[in-house]
Amino acid sequence: MTTNQTVLQWINQMKELVTPDNVVWIDGSEEQLESLRKQAVASGELKPLNQEKLPGCYLHNTAVNDVARVEHRTFICTRKQDDAGPTNNWMDPEEAYKMLYDIARGSYKGRTMYIIPYSMGPIGSPLAKIGIEVTDSIYVVLNMAIMTRVSSKVFDVLGDSNDWVRGLHCRCDINEEKRYICHFPEDNTIISVNSGYGGNVLLGKKCFALRIASYQGKQEKWMAEHMLILGIENPQGEVKYIAAAFPSACGKTNLAMLIPPEHYLKQGYKVWCVGDDIAWMRQGPDGRLWAINPENGFFGVAPGTNEKSNPNALATTRKNTIFTNVALNLDDNTVWWEGLDKNPPKNALNWKGEKYDPASGEKLAHPNSRFTAPAKNCPCISPEFESPQGVPISAIVFGGRRAKLAPLVYQSKDWENGVFVGSIMASETTAAATGAVGVVRRDPMAMLPFCGYHMGDYFAHWLEMGKMLGDKAPKIFHVNWFRQDENGNFIWPGFGENMRVLNWIIDRCEGKVDAVETPIGYLPKPEDIDLTGLDMSVDTLKTILEVDKDAWREEAEGIKEFYTKFGDRLPAVLKNQLDNLIKNLA
Ligand code: GTP
Ligand code: SPV
Ligand code: MN
């Protein structure tokens with residue numbers, strides 16, 4: 001398939017290491033994928049679903065101990081420990097290679113090695129990059145074929161170049177004690193062993209498109225971010241693009257596929273989805289920041305997805321989709337998850353594949369159950385989705401899951417202040433990673449688990465990008481859809497209604513609306529958030545548009561403590577921003 005020596009040599013080295021019985025090069029053709037689906041069905045790795053209601057759809061169950069990303073077993077292996085920074089687990093590259101090779105050695109015995117050439121981004125786009133993943137899992141091949149552009153054509157683009165990312169995945173025996181997700185940013189390599197869960201094994205996604213790519217972006221002056229990209233078309237047909245970073249399971253897929261409220265639709269507003277999880281952004285020839293979505297599909301959270309919350313996502317999953325760890329309705333061979341509708345199937349298998357006992361009170365689907373669906377299935381996929389130059393970004397939005405404190409929306413004062421706002425982001429943890437759920441933690445730019453180098457240097461890179469972009473830099477905002485009342489109910493209706501906030505953001509970018517200056521940034525005047533058709537009083541809205549100075553002073557103490565982690569690699573600009581915030585709150 002290729003004569004590229006750097007590829008062939010590495011493949012040979014991997015073959016000698018893992019000693020497969022067979023080797024199959026994946027060319028991305030439908031025939032080849034179809035024959036793999038058949039094999040996976042025969043082995044029980046995939047269950048075919050009701051082909052009338054869900055054509056081309058399958059169900060997969062992971063091992064019970066293997067249902068989410070494992071941050072404590074994820075490593076950045078740089079020669080100098082300090083280059084991985086205080087927020088990453090680190091291992092010496094030599095030691096890591098030795099340990100991983102010991103685990104991987106001979107592990108493909110009796111199995112097939114699949115070699116997957118793929119492009120992150122439209123094949124040949126100046127913003128795209130190439131990877132090759134070697135795996136012994138058909139599930140991984142089939143998911144990669146949805147999530148990335150898998151094709152022998154990537155070798156035409158690659159030519160003789162050595163500029164591609166190596167990825168070795170070995171299922172081994174899914175032993176948690178020997179599970180490692182290791183990144184070697186200094187040699188473009190990823191090794192993942194003993195897992196079969198998406199974020200740990202679809203190596204194009206978090207491992208390459210964020211951890212390795214963030215490091216590449218620092219060297220090459222571009223940005224790899226955990227961001228959705230959406231376009232808002234106004235009634236005049238003009239489209240403005242927003243990139244938004246929220247931590248895992250905090251609403252990126254939902255916002256990216258938003259359907260505007262009725263009265264916006266009537267006026268002619270539309271929202272287009274460019275991406276739901278990752279953005280690669282570079283300064284364009286016109287000086288603005290341009291973004292592509294490097295992925296080709298959605299690996300979305302199933303629970304909570306329904307006809308009301310996200311009809312576009314639901315429609316996207318109605319064909320050619322792989323469901324992972326949802327429940328199987330045995331009556332009609334379809335899938336179900338919490339929040340799909342109010343009628344859980346009585347005759348069903350739960351996400352572990354066990355007969356469901358409705359009296360047990362247990363969940364049918366895993367909270368981190370997911371769908372893998374092709375982007376082109378999405379009813380609102382942007383006409384610019386395949387555009388090699390990407391889309392120009394007008395606004396960058398940070399957001400977290402905060403029951404208290406963070407207001408519905410505010411705008412930073414300028415780029416430097418915006419970088420500060422991103423760097424102090426905090427959010428309640430979710431089921432997307434193993435560990436406690438609902439604990440507030442600092443998650444700068446939603447990149448805490450995904451930055452492939454020292455986060456102090458990452459902040460400095462953001463500041464550099466701002467200097468480079470100058471007055472063409474996007475405006476930076478912060479949102480919080482998750483404020484709760486005393487009874488634990490969400491105050492803001494969220495989902496499609498978030499359009500009302502996006503509209504204020506776009507109006508701010510265009511200088512069309514005023515704002516109130518506060519110590520943390522510019523907040524909307526309550527009357528400037530359109531509440532038409534919404535059962536919400538201005539007084540209620542006001543409660544989520546407040547800056548509680550006492551609470552923020554306490555927050556500032558937490559930020560100060562967090563910042564000490566970065567030592568002298570914390571840019572002075574951010575230290576000054578924090579001092580300023582404290583002064584403004586006094
Ligand atoms: P990853 O794929 O893990 O990166 O997640 P994500 O950021 O794409 O999150 P997603 O859109 O899948 O949403 C995760 C959960 O948050 C789902 O259960 C949603 O129902 C819920 N959610 C999303 N948007 C909103 C919102 O505006 N308000 C409320 N209350 N919940 C929301
Ligand atoms: C996330 O956890 O942010 C995801 C899912 O998007 S995973 O691919 O598992 O990382
Ligand atoms: Mn994500």
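Q: What makes the pair formed by ligand 1 and the side chain of Asp-277 a polar contact?
A: An oxygen atom of ligand 1 is 3.0 Å from an N or O atom in the Asp-277 side chain. A polar contact is a pair of N or O atoms within 3.5 Å, so this pair counts. The model is predicted, with local features needing pLDDT of at least 70 and side-chain atom pairs pLDDT 80 or more, while totals for chains, interfaces and linings use all residues. Side-chain values use heavy atoms, without hydrogens and water; residues are numbered from 1 along each chain as written, and chains are lettered from A and ligands numbered from 1 in written order.

Q: Which polar backbone atom is 2.9 Å from an oxygen atom of ligand 1?
A: That atom belongs to Phe-495. The protein covers 91% of the 660 Å² of accessible area that ligand 1 has on its own (Shrake-Rupley method, 1.4 Å probe).

Q: Why is helix H8 called a helix?
A: Helix H8 spans 252-256. Helices are DSSP runs (H or I) of at least four residues, numbered from the N terminus, so this run qualifies. H8 gives the largest share of the shell around ligand 1, three residues.

Q: How are the residues of the shell around ligand 1 divided?
A: They comprise 10 nonpolar, eight polar and four charged residues. Ala, Val, Leu, Ile, Met, Phe, Trp, Tyr, Cys and Pro count as nonpolar, Asp, Glu, Lys and Arg as charged, and the others, Gly among them, as polar.

Terms used: A polar contact is a pair of N or O atoms within 3.5 Å; within protein, one must be able to donate a hydrogen and the other to accept it, and residues adjacent in sequence count only if both atoms are side-chain atoms. Helices (H or I, at least four residues) and strands (E, at least two) are DSSP runs, numbered from the N terminus.
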